[in-house]
Amino acid sequence: MTRAASPAGPPSAAKPEDDAAANTTGILRVGLVQLRSGRDPTANLDATAALVREAAREGARYVQTPEVTNIMELDRQVLFGQLREEADDNTLAALQQLTRELGITLHIGSLALKVSDSRAVNRGFLIAPDGEITARYDKIHMFDVDLGNGESYRESNAYRAGERAVLADVEGIRLGMSICYDLRFPSLYRALAEGGAQVLTVPSAFTRPTGEAHWHILLRARAIENGAFVLAAAQAGRHENGRETYGHSLVVDPWGRVIAEGGTDRGVILAEIDMKDVAAARARVPSLANGRRFEIAEPGQIGHLHVVKASS
């Protein structure tokens, strides 16, 4: 289970796995599942399960799916007609069973889940090889934007924002969790890296216009800034609801190099990541060690929105 932190506090840390499950080599074969989720959770589950199986057959021990794996729906009324609470969600239960069957670690990038009659959460899950949930992360930053091309999104109309950053261990490798729009808030990733994250995860459903402009740049920047691997499984293509997502699932190394990339169709992207590369990047440019606290001499009216406060 995730160890709780204060709402504005430092990252939470999931309970480490048993020493027997630790990865003594620091090398992990990863698989990113690229989806095109639609309006039917059952159909989405079938597509997800098939690609997770494919990744496992190819030797991936950690598999990540994109944001909103279970449903892609913009109509609020239709969405809430399909959503279930976590304890009753068929997608989560089925993927826990699949994870147990395959003996892998599965990172469900996120599921849309009901928490009340009027509110949902965008929640990611890390599932251990025994099928147990070892970490949960609720998306902190809501995608409330007007893109200027007629596309407008108000995620906060339906979803409740999270308040805790989350760290977890996968075979002895420290992983930091995030979701999609979080990518634009670098303070979150710095906090995760300072909490020990060697791998930063960004399962996403980026729109095509923002993806074409910023996806590669931002993911590479988060890797470079923190000397960490970045794993980002993505939604891709034209969805049933008319939305078009960018795809291009990426694995970025700690020096900012793209070492694996998807296209714009469904599929699996595979790579091996080596924690020696994290140590090497951080030794060459020790920005984590060189960071200093500071104050802004004349704060604006908004104040310090992105400061991570210490636990009380």
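Which residues line the second largest cavity? Select Leu28, Val30, Tyr62, Val170, Ile173, Leu175, Val199, Leu231 and Ile273, and you have the lining on screen. Before you go on, please keep in mind that this is a predicted model.

**Stop 1: the second largest cavity**

Stay with that selection for a moment. The space enclosed here is about 40 Å³. Two elements each give two or more residues to this lining: strand 2 (27-34) and strand 10 (173-177). Colour the lining by class and you will find nine nonpolar residues, with no polar and no charged ones.

**Stop 2: the largest cavity**

A search of the whole structure turns up two cavities of 30 Å³ or more, so let's visit the other. Select Phe143, Cys180, Tyr181, Arg184, Ala205, Phe206, Thr207, Thr210 and Arg243, which line the largest cavity. Its volume is about 60 Å³. The class colouring looks like this: five nonpolar, two polar and two charged residues.

**Stop 3: a buried salt bridge between strands**

Now for charged pairs. Side chains of opposite charge can pair when their charged atoms come close. The count for this model is 16 salt bridges. Select aspartate 138 and arginine 123, whose side chains meet with an N to O distance of 2.6 Å. Aspartate 138 sits in strand 6 (residues 133-138) and arginine 123 in strand 5 (residues 120-127), so this salt bridge ties together parts that are 15 residues apart in sequence. Both aspartate 138 and arginine 123 are buried.

**Stop 4: a salt bridge between loops**

Move on to glutamate 155 and lysine 139, a salt bridge with its closest N and O atoms 2.9 Å apart. Glutamate 155 belongs to the loop between strand 8 (152-154) and strand 9 (166-170), while lysine 139 is in the loop between strand 6 and strand 7 (144-146), so the pair links parts 16 residues apart in sequence. Glutamate 155 counts as buried because its relative accessibility is 12%. Lysine 139 is buried too, with a relative accessible area of 2%.

**Stop 5: arginine 238 and its partner**

Next, pick arginine 238 and glutamate 244, which form a salt bridge at 3.2 Å, N to O. Arginine 238 is exposed, at 54% relative accessible area, and glutamate 244 is partly exposed, at 23%. Then select Glu86, Arg123, Arg136 and Asp138 together: salt bridges with shared partners join these four into one network.

**Last stop: helix 1**

Finish at alanine 43, in helix 1 (residues 41-57). Alanine 43 has 40% relative accessibility and so counts as partly exposed. Add asparagine 70 to the selection: the two are 27 residues apart in sequence, and their C-alpha atoms are 8.8 Å apart in space.

Technical notes. Residues numbered from 1 in each chain as written. Predicted model: local features only at pLDDT ≥ 70, side-chain atom pairs only at ≥ 80, totals over all residues. Heavy atoms only, no water. 1 Å grid on protein atoms, 1.4 Å probe; cavity = no way out; pocket = protein on both sides within 12 Å on 5 of 7 lines; lining within 4 Å. Points joined across faces, edges and corners; volume = space filled by probe spheres on them. Nonpolar A, V, L, I, M, F, W, Y, C, P; charged D, E, K, R; others polar. Helix = DSSP H or I, 4+ residues; strand = E, 2+ residues; numbered from the N terminus. Buried < 20%, exposed > 50% of the residue type's maximum accessible area, 1.4 Å probe, protein only.
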